[in-house]
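The following exercises ask you to work through one structure by its annotated positions, its ligand shell and one of its helices. Keep the sequence and the model in view as you go.

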Amino acid sequence: MSKYITSSNGQQDETDYFPEGFVQLQNPNIELMDQDILYHLGLGSESHDLIEMFGDVKFVCMGGTPKRVEQFANYIMEEIGHKLPTGTTLQDISRYSYRYSMYKVGPVLSISHGMGIPSVGILLNEVVKLMHHARVQDPIFFRIGTSGGIGVEGGTVILSEEAVNDELEPCYELSVLGKKVRRPAKLDKKLLRELKSLHHKEDPYETVTGKTMCTLDFYEGQGRLDGAFCHFTEAEKMDYLQSLKKEGIVNIEMESLAFAALTHAAGIRSAIVCVSLLDRLKGDQIHTPKEVLDEWQMRPQQLVARYIKRYLQMKGRISFDKTCGAFTCGGLCSNGIESGMCKEICQKAG
Ligand SMILES: O=P(O)(O)O[C@@H]1C[C@H](O)[C@@H](CO)O1
Ligand SMILES: O=c1cc[nH]c(=O)[nH]1
């Protein structure tokens, strides 16, 4: 797996490899500190044994609301057959931060990120540091979200090929010391292909791929006519949304840029799986009944759960082939599973 380093000008080079897959921080100050307080998670590098608590994490799954991530934690627990110690229940590890919710189910962390780039950006800073302090190796991050589709029916699952800003650039811009720093908002292409291959033809919905536009607002910022403020016409809105469609934008949401850019900057493979709540070419308001929305929100969770299950199953099926002296994945490779994924697991087992 390629890893990235960021040079002092903020540009990324795909030239270096971080040792052993540990998550590296691009901040020399952290190692010099006596302790690192992950304030918004309610954790600290001295107050908690982060290696003991989180060292076995492989997947970090994020979504906007505390309810969704609690639901995902319970769902993935069922799916992977994870058993909690007798007499215990799932606990929100970050409950005393009163900001984000975090649940751990074996190798899976399920964390809420709130709404918008600032909220997901703060969280990602602390989760990347958590991965580093806990010495987690090669984690994979997913955003499990909701979005507005562009020419895409409500209930459709959308896998993001890349995240773009409202100028359609795959670039996350942040002001640092009063100067704009731009970071590429890249998602992992192989992970995207693997997720796409996990759509079943029996699934009662479509799974599509395309570009995701990330905005700073839900109303005017997404061309809605139904906010408290609106100074454009229906015709202007439709022209704008049609122009997005022509550019290959399939959905709009509010976190993808920071999510893609910060995971990429940290050398972490990531993917964004959102459900469309409506087709924005047909309206602005979300009329769909709550029970239907709840069912739709399960769809990205199901796809990510399939990926996690398959990954863990493959891990359990690794064996050593004495004839060729290599690790093989129990015949799975010849059954159409991406060889890169097998290699990654095999190398670890080796
Ligand atoms: O993950 P969620 O469902 O929070 O993502 C989208 C983008 C905004 O955070 C929010 C707007 O309703 O939904
Ligand atoms: O239209 C939508 C729906 C969900 N989330 C968004 O950001 N926009």
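Gln222 is buried because 22 other C-beta atoms lie within 10 Å, where buried stands for 20 or more other C-beta atoms within 10 Å of a residue's own, exposed for 12 or fewer and partly exposed for anything in between, with C-beta atoms placed from the backbone. This is a predicted model, in which local features need pLDDT of at least 70 and side-chain atom pairs count only at pLDDT 80 or more, while totals for chains, interfaces and linings use all residues. Residues are numbered from 1 along each chain as its sequence is written, and chains are lettered from A and ligands numbered from 1 in the order in which they are written.

**Exercise 1.** Place the two positions that the UniProt annotation "binding site" covers.

Solution. The annotation, from an unreviewed entry, covers Gln222 and Arg224; its positions are given in the numbering used here, its feature name is shortened, and it may be inferred rather than shown by experiment. Gln222 is found in the loop between strand E12 (207–214) and helix H6 (234–246), and Arg224 lies in the loop between E12 and H6; helices (H or I, at least four residues) and strands (E, at least two) are DSSP runs numbered from the N terminus. Arg224 counts as partly exposed because it has 19 C-beta neighbours inside 10 Å. Leaving aside neighbours within four places in sequence, Gln222 is in contact with Gly148, Thr215, Asp217 and Ile252, a contact being two C-beta atoms, placed from the backbone, within 7 Å. Arg224, with residues up to four places away not counted, touches Tyr219 and Asp284.

**Exercise 2.** Describe the shell around ligand 2 and say which strand gives the most to it.

Solution. Among the residues surrounding ligand 2 are Gly148, Gln222 and Ile252, each residue being near if its C-beta atom, placed from the backbone, lies within 6 Å. Strands E8 (140–149) and E13 (249–253) each supply at least two residues of this shell, and E8 gives the most, with three.

**Exercise 3.** Decide whether helix H4 is mostly covered or mostly uncovered, and compare its reach with the expected span.

Solution. H4 (residues 117–133) has 17 residues and reaches 24 Å from its first C-alpha to its last, close to the 24 Å expected at 1.5 Å a residue, the expected span being 1.5 Å times one less than the number of residues. H4 is mostly covered, with 12 of its 17 residues buried, including Ile117, Leu124 and His133. Just after H4, Arg135 takes a positive phi of about 55 degrees.
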